[in-house]
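Reader: I would like to learn how to read a fold from its model. Can you take me through one, feature by feature?

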Amino acid sequence: LGLPAFPPKDLQWRFLCRVKPIYYLRTRAYSLSMPTPPFVVNYQGAIFRQYPGKFQSLLDTGSGNYRAVAIDAQRPPLGTFKQQLTSALKLVDSDN
């Protein structure tokens, strides 16, 4: 933009490259289809990290409360995150 109040883009880029985010929060909502009642189960969770801590997979237990189901040193892929939440629901029979 070239105005005195706006620094050039390269200065902005150099500054932003040195900033580390201290919080990471990603919420996801899923649904699980089952052959027995209840036929569809909706559930949601979040991946949370407070730097320099580890990544936590959290299951929403309702009314704004979350329960930690897994703690990882690296951010889990979304597929792994979904599996962690699904296994924490304890709705799927482990014999099948």
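Author: We go from the sheet to the helix, then the core, the rings and one loop residue. This is a predicted model: local features need pLDDT of at least 70, side-chain atom pairs count only at pLDDT 80 or more, and totals for chains, interfaces and linings use all residues. Residues are numbered from 1 along each chain as its sequence is written, and side-chain values use heavy atoms, leaving out hydrogens and water.

Reader: How do I read the sheet, and what is the order of its strands?

Author: Strands of a sheet pair through backbone hydrogen bonds, either parallel or antiparallel. Here strands (E, at least two residues) and helices (H or I, at least four) are DSSP runs, numbered from the N terminus. Two strands pair if DSSP finds at least two bridges between them. This sheet is open, with four strands in the order β1-β2-β3-β4 and antiparallel pairing. Its edge strands are β1 (23-33) and β4 (65-72), each pairing on one side only. From one strand to the next, the twist averages 25°.

Reader: How many bridges join β2 and β3?

Author: Four, in the antiparallel sense. Take Ile47: its bridge partner in β3 is Ser57.

Reader: Where does helix α2 lie?

Author: An α-helix has 3.6 residues a turn, so residues three or four places apart point the same way. Helix α2 (residues 78-89) lies across β1, β2, β3 and β4, at about 120° to β2. Axes are lines fitted to C-alpha atoms, for helices over the stretch in contact, and angles run from 0 to 180 degrees between N-to-C directions. Contact means heavy atoms within 4.5 Å. Now check the length. The expected span is 1.5 Å times one less than the number of residues. For the twelve residues of α2 that gives 16 Å, and the end C-alpha atoms are 17 Å apart, which agrees. Just after α2, Lys90 takes a positive phi of about 60°.

Reader: Which residues of α2 are buried?

Author: Buried means under 20% relative accessible area, exposed over 50%, partly exposed in between (1.4 Å probe, protein chains only). In α2 the buried residues are Phe81, Gln84, Leu85, Thr86 and Ala88. They pack against β1, β2, β3 and β4.

Reader: How many residues does the largest nonpolar core have?

Author: A nonpolar core is a set of buried Ala, Val, Leu, Ile, Met, Phe, Trp, Tyr and Cys residues joined through side-chain atoms within 4.5 Å. The largest one has eleven residues, including Leu32, Val41, Ile47, Phe55 and Leu85. At least two residues of this core come from each of β1, β2, β3 and α2.

Reader: How do I read aromatic pairs?

Author: A pair of aromatic rings is described by the distance of the centres and the angle of the planes. Rings of Phe, Tyr and Trp (its six-membered ring) pair if their centres lie within 6.5 Å; planes under 30 degrees apart count as stacked, over 60 as edge-to-face and the rest as tilted. That rule gives four aromatic pairs. Tyr30 and Tyr43 have ring centres 5.9 Å apart and planes at 40°, so this pair is tilted. Tyr30 is in strand β1 and Tyr43 in strand β2, 13 residues apart.

Reader: Are Tyr30 and Phe81 buried or exposed?

Author: Tyr30 counts as buried because its relative accessibility is 16%. Phe81 is buried too, at 0%. Their rings form a tilted pair, 6.4 Å centre to centre, with 55° between the planes. Tyr30 lies in strand β1 and Phe81 in helix α2, so the pair ties together parts 51 residues apart in sequence. Ring pairs link Tyr30, Tyr43 and Phe81 into a cluster.

Reader: Where is Pro52?

Author: In the loop between β2 (40-50) and β3 (55-62). Pro52 counts as exposed because its relative accessibility is 69%. Pro52 and Ile22 are 30 residues apart in sequence, with their C-alpha atoms 7.4 Å apart in space.
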